[in-house]
Each structure stands twice: as C-alpha cells, then as structure tokens.
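Colleague: I am new to this one. Could you walk me through it and tell me how you know each thing you say?

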Amino acid sequence: MTAAADHTLDVSGLYCPEPVMLLHNCIRDMQVGETVRVVATDPTTQRDIPKFCSFLGHELLSETEEAGNFLFLLRKGG
C-alpha cells in the first residue's frame, strides 16, 4: 500500500471485536476527509472493516494483504 495516510492504527495481534472497536475510536477523533491506515492480523477484519465502512458511511479506499497482514485505507465520511 503506497498511499500516505493521515493516521495509522496497528491492531496486529488483536481479535474480533477489538480491531473494529479501536478503529471506531480512532475515526471518532478524526476530521471528515482524513484517512487512516489499518494494519491487522485477524482474518475477520476482511469482513468486518468493509461492513463497518458501509454501515457508518466511511470510504474504504483500499484493502490488501501483505505477509500475513491485512492492510486497509479508509477515509472518514461526513
């Protein structure tokens, strides 16, 4: 993932529901339009983070997997 992000959230080693709970806290403190890069190791984040974005109106800009890490780039919606 080459795009720079305004924030980074590393939830490696944490399991459902902690990654999404911490993401929710992070996004709450961000300004509309800012981006956050999430690094996770729990495979359920591949399901949970896109649903989180869809449900709460945030934009999932990218979703990739590198060396066992699941990488997401999100933009906070309004």
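Colleague: What is the reach of helix 2 from its first C-alpha to its last, and what is expected?

Modeller: Keep in mind that this is a predicted model. Helix 2 covers residues 45-56, which is 12 residues. At 1.5 Å a residue the expected reach is 16 Å, and helix 2 reaches 16 Å, so the two are close.

Colleague: Which residues of helix 2 are buried, and what puts them on the same side?

Modeller: The buried ones are Thr45, Asp48, Ile49, Phe52 and Cys53. They cover an arc of only 130 degrees around the axis, and therefore lie on the same side of helix 2. Here is the general background: an α-helix has 3.6 residues a turn, so residues three or four places apart point the same way.

Colleague: What does the face turned away from that buried side carry?

Modeller: That face of helix 2 carries Lys51, Ser54 and Phe55, which are exposed. As for the buried residues of helix 2, their cover includes helix 1, strand 2, strand 3 and strand 4.

Colleague: What puts the buried residues of helix 1 on the same side?

Modeller: In helix 1, the buried residues are Pro19, Val20, Leu23, Cys26 and Ile27. Their arc around the axis is only 120 degrees, which puts them on the same side of helix 1. Strand 1, strand 2, helix 2 and strand 4 are among the elements that cover them.

Colleague: Why is Cys53 called buried, and Cys16 partly exposed?

Modeller: Buried means under 20% relative accessible area, and Cys53 is at 2%, so Cys53 counts as buried. Cys16 is at 44%, between 20% and the 50% above which a residue is exposed, so Cys16 counts as partly exposed.

Colleague: How many disulfides are there, and how do you know?

Modeller: The count is zero. A pair of cysteine sulfur atoms has to be within 2.5 Å to qualify. The closest cysteine sulfur to that of Cys16 is in Cys53, 15 Å away, so this is too far for a bond. For Cys53, the closest is in Cys26 at 12 Å, again too far for a bond.

Colleague: What makes strand 1 and strand 2 a pair?

Modeller: Pairing takes at least two bridges, and four join these strands, so they pair; they run parallel. One example is Thr8, whose bridge partner in strand 2 is Arg37. Together with helix 1, these two strands make a right-handed β-α-β unit.

Colleague: In what sense do strand 2 and strand 4 pair?

Modeller: The pairing is antiparallel, over six bridges. Val36, for instance, has Leu74 in strand 4 as its bridge partner. Strand 2 is also mostly covered, with five of its six residues buried.

Methods:
Residues numbered from 1 in each chain as written. Predicted model: local features only at pLDDT ≥ 70, side-chain atom pairs only at ≥ 80, totals over all residues. Heavy atoms only, no water. Buried < 20%, exposed > 50% of the residue type's maximum accessible area, 1.4 Å probe, protein only. Arc of directions from axis to C-beta. Contact = heavy atoms within 4.5 Å. Right-handed = clockwise from strand over helix to strand, strands pointing away.
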